[in-house]
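Me: Please take me through one part of this fold in detail, a single strand pairing and what surrounds it, and explain each term with its cut-offs as you go.

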Amino acid sequence: MRIGVHVSIAGKIDEAIDRAAVLGCETIQIFSRNPRSWKSKPLEAKEIKSFKKKRLQYNIYPVLVHIPYLINLATPKSKLWKISISAYIEDIIRTDMLGAEYFVTHLGAHTGSGFEAGLKKFCQGLSAVIKKTKPKTMILLETCAGEGTSLGSRFEDIRYILDNVKSKNIGVCWDTCHLYAAGYDIKSSKGLDNTIKEFEKKIGLKYLKAIHLNDAKKPLGSRVDRHEHIGKGTINKDGIRRILNHPKLKALPFIIETPSDNPKDDIENIKIGRRLACLTTGKTR
Ligand SMILES: [Zn+2]
Ligand SMILES: [Zn+2]
């Protein structure tokens, strides 16, 4: 098991690794640019080189890049769909330039056109992106909480995409807060086993490559996407402990994405995560 957090890329992108090293991360997630803007400034060769060098130096593996928030490949609006594809392509190129192992993608929202239409649009968009970029990075489909019209709160949505996008380079990223909000009872021992069984049956465990380890503010099935600090939410310490130590999950990278009001929160979340994972010390270096 490797534990890390989502780290900021403020400044130059390689500074994310400096932050990760201070926090003692073994794996990280980043944005490749400002996630709330369509614009991005090009990555410089120097910062890319330094990013790669530092992550080797600090043994940070894997590196996940998260999709910017504005992209919606499931939208029925053709203008938004087209800019989403261009932005997606740009982000995949940046991810490959950084040599990041995974690109975590949300499945978008159908905003009224219906789930079937949204899924079709998403598959069409993702296929176009893959055809154009032939990514080295693996694209991970993230499970969503099911707020509003967003796709991906059911394993069936993920199965549909795997069946309709022809690429061997696609995997899945769980988000524990989202699964719980979507109604998968991963908090209880039996519920966790059942969720894993259902995933094995509908998707296949070999597709699961990473987990966003977040506690939840809201109860099971709330469909509300609000993350809570590790052990302090409705999934709670026992639930998180079982997830981290489950024999079928424990070899995966775990990325904590809880709201970080100050850097101490990240340190504390990693500490609690490691403690619950029965690791008393971080990695030694
Ligand atoms: Zn996400
Ligand atoms: Zn979330």
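Reply: In strand 3, isoleucine 28 has valine 63 as its bridge partner, and strand 2 (28-31) and strand 3 (residues 63-66) run parallel, joined by 4 bridges. Between these two strands the chain passes through helix 2, and the resulting β-α-β crossover is right-handed, which means that, with the strands pointing away from the viewer, the path from the first strand over the helix to the second runs clockwise. This is a predicted model, in which local features need pLDDT of at least 70 and side-chain atom pairs count only at pLDDT 80 or more, while totals for chains, interfaces and linings use all residues. Residues are numbered from 1 along each chain as its sequence is written, and chains are lettered from A and ligands numbered from 1 in the order in which they are written. Helices (H or I, at least four residues) and strands (E, at least two) are DSSP runs numbered from the N terminus, and two strands are said to pair if DSSP finds at least two bridges between them.

Strand 3 is covered on both faces, with Val63 and Val65 buried on one side and Leu64 and His66 buried on the other. Here a residue is buried if 20 or more other C-beta atoms lie within 10 Å of its own, exposed if 12 or fewer, and partly exposed in between, with C-beta atoms placed from the backbone. Strand 3 also runs parallel to strand 4 (residues 102-105), to which 3 bridges join it, and leucine 64 stands opposite tyrosine 102 there. Strand 3, helix 3 (residues 78-98) and strand 4 form a β-α-β unit that is right-handed.

Just before strand 3, in the loop that follows helix 2, lies proline 62. Tyrosine 61 and proline 62 are joined by a cis peptide bond, with omega about -10°. For context, most peptide bonds are trans.

Leaving out residues up to four places away in sequence, isoleucine 28 touches Gly4, Val5, Val7, Ala16, Ala20, Ile60 and Val63; a contact requires C-beta atoms, placed from the backbone, within 7 Å. Ile28 is also one of the residues that touch the most other members of the largest nonpolar core, a set of 79 residues, together with Phe122 and Leu140. Such a core is a set of buried Ala, Val, Leu, Ile, Met, Phe, Trp, Tyr and Cys residues joined through C-beta atoms within 7 Å.

Two of those contacts, Ala16 and Ala20, lead to helix 1 (residues 15-23), whose buried residues are Ala16, Ile17 and Ala20. These residues cover an arc of only 95° around the axis, which puts them on the same side of helix 1, the arc being that of the directions from the helix axis to the C-beta atoms. Their cover includes strand 1 (2-5), strand 2 and helix 2 (45-57). After helix 1 comes glycine 24, with a positive phi near 80°.

The wider setting is an open sheet of 8 strands with parallel pairing, in the order 1-10-7-6-5-4-3-2. Strand 1 and strand 2 stand at its edges with a single partner strand each, so one side of each has no neighbour in the sheet. Neighbouring strands are turned by 30° against each other on average, direction ignored, where axes are lines fitted to C-alpha atoms, for helices over the stretch in contact, and angles run from 0 to 180 degrees between N-to-C directions. At the edge formed by strand 1, the pairing with strand 10 (residues 253-256) is parallel over 4 bridges, and arginine 2 stands opposite proline 253.

Methods: Contact = placed C-beta atoms within 7 Å.
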